[in-house]
Amino acid sequence: MATCSMTWSLPTPTSSKFRRFSRYQVMASASVNKEAATCLGVKVTEGLGNLPKVILTSTHGSEAELYLFGGCVTSWKVSSKDLLFVRPDAVFNGQKPISGGIPHCFPQFGPGAMQQHGFARNSNWSILNSENADGNPVITLELKDSPYSRAMWDFSFQALYKISLDKKSLSTELTITNTDKKSFSFTTALHTYFSASVTGASVRGLKGCKTLNKDPDPKNPLEGTEERDVVTFPGFVDCVYLEAPNELNLDNGLGDVISIQNTNWSDAVLWNPHLTMEACYKDFVCVENAKIGEVKLEPEKSWTAIQQLSIK
């Protein structure tokens, strides 16, 4: 197994608006020997909006892309077919979260005391290390507290995000560690956007789960139980599934069945905005692994959750 460390500097912001925002950010500083990174299947380059982007390439033919801003995986290709979706209105300016791929929701899922879905998707992560196992690249990103995060959530923490690419799978491992002297609580999710034909897409494995249906009133979700073997997306969908199983199967309506396996992501969320996002709702569905109930961490303790996406 080969290992390398990386060095990468973010471009200097030019607009005063960006400077005001980014002075509170944990600016990504990675280390890279580009020649070594290429042989490892890990390449750091410049992406959209001049943001640092990492390209992972497996010797088995699969490929993934991720941005250090938001620690966001934006592409996962198997046999040259991208299984993830980035919305056409996505902004790559280092100010707004990237709308698509696999955005982070941390330390808050949904609305609440801080900005929607927390700050992790609005922060620059750094590259901690990378390695290669049997032709498959593995990279670990890191996010720590900063004045920007503490303005919303006054705790010291470390988030590690390990991304592993295989021939037909993409795995992520999120570890949150309390580096503070006091306990804290959080909620979290991976807001995964899958490429899909919404009229043909369906999810299996949710029958019997307790549900919190946010349609029509997200502030007062309706409690229920999922009775369908196959859950579809006939219109606006925004539903939480509590104590979901460790594996769901998504038929994306495009000829692919994707296994969504997890460890320690206790809940699932299905979302499609329908006509509220008329330009693109037909082209994706969100199937999200989530932790809706608060996780309480004592000082020096960690919480880890794993997601594995694979083509059947």
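In what order do the five strands of the open sheet lie, and is their pairing parallel or antiparallel? In this predicted model, the strands follow the order S4-S5-S6-S7-S8, and the pairing is antiparallel. The edges of the sheet are formed by strand S4 (42-46) and strand S8 (81-82), each of which pairs on one side only. Strand S4 is joined to strand S5, which comprises residues 52-57, by five bridges, and the two run antiparallel; within this pair, Val44 stands opposite Val54 of S5. In general, the strands of a sheet pair through backbone hydrogen bonds, in either a parallel or an antiparallel manner.

The confidence of the prediction varies along the chain, with an average pLDDT of 90 and with 88% of the residues scoring at least 70. Residues 5-39, however, have a pLDDT below 50, although this stretch has 69 contacts in the model beyond near neighbours in sequence. Where pLDDT is low, the predicted coordinates should not be read in detail.

A second antiparallel pairing is found between strand S10 (residues 126-133) and strand S11 (residues 136-144), which are joined by seven bridges. Ile127 stands opposite Leu141 of S11. The two strands form a hairpin with two residues between them, and Asp134, which lies in the turn, has a positive phi of about 55°.

Further backbone features occur in loops. Most residues other than glycine have a negative phi, and most peptide bonds are trans. Ser79, which is not a glycine, has a positive phi near 55°; this residue is placed in the loop between strand S7 (72-78) and S8, and its relative accessibility of 67% means that Ser79 counts as exposed. Glu300 likewise has a positive phi, of about 70°, without being a glycine, and is found in the loop between strand S24 (284-297) and S25. With a relative accessibility of 71%, Glu300 also counts as exposed. Two cis peptide bonds can be described alongside these residues. One joins Phe106 and Pro107, with omega about 0°, and Pro107 is located in the loop between strand S9 (104-105) and S10. The other runs from Asp215 to Pro216, with omega near 20°, and Pro216 is found in the loop between strand S17 (210-213) and strand S18 (222-225).

Among the interior residues, Gln307 lies in strand S25, which spans residues 302-311. The relative accessible area of Gln307 is 2%, and since burial is assigned under 20%, Gln307 is buried. The side chain of this glutamine makes a polar contact with the side chain of Asn289 at 2.8 Å. When neighbours within four places in sequence are left aside, the residues in contact with Gln307 are Ile102, Leu170, Ser171, Thr172, Leu190, Thr192, Ile260, Gln261, Asn262, Trp265 and Asn289.

The structure holds eleven salt bridges. In one of them, the side chains of Asp89 and Arg87 meet with an N to O distance of 3.0 Å; Asp89 is partly exposed at 42% relative accessibility, whereas Arg87, at 14%, counts as buried. A salt bridge is also formed by Asp180 and Arg150, whose closest N and O atoms are 4.0 Å apart. Because Asp180 lies in the loop between strand S13 (169-178) and strand S14 (184-190), while Arg150 belongs to helix H3 (residues 147-150), this pair ties together parts that are 30 residues apart in sequence. Asp180 counts as buried, at 13% relative accessibility, and Arg150 is partly exposed, with a relative accessible area of 30%.

The side chains of Lys207 and Asp229 meet in another salt bridge, at 3.5 Å from N to O. Lys207 is in the loop between strand S16 (202-204) and S17, and Asp229 is in the loop between S18 and strand S19 (230-232), so that parts 22 residues apart in sequence are tied together by the pair. Both partners are partly exposed, Lys207 with a relative accessible area of 49% and Asp229 at 48% relative accessibility. Finally, Asp145, Arg150, Asp154, Asp180 and Lys182 are joined into one network by salt bridges that share partners.

Key: Residues numbered from 1 in each chain as written. Predicted model: local features only at pLDDT ≥ 70, side-chain atom pairs only at ≥ 80, totals over all residues. Heavy atoms only, no water. Pairing = 2+ DSSP bridges. Helix = DSSP H or I, 4+ residues; strand = E, 2+ residues; numbered from the N terminus. Buried < 20%, exposed > 50% of the residue type's maximum accessible area, 1.4 Å probe, protein only. Polar contact = N/O pair within 3.5 Å; in protein donor to acceptor, adjacent residues only side chain to side chain. Contact = heavy atoms within 4.5 Å. pLDDT = per-residue confidence, 0-100.
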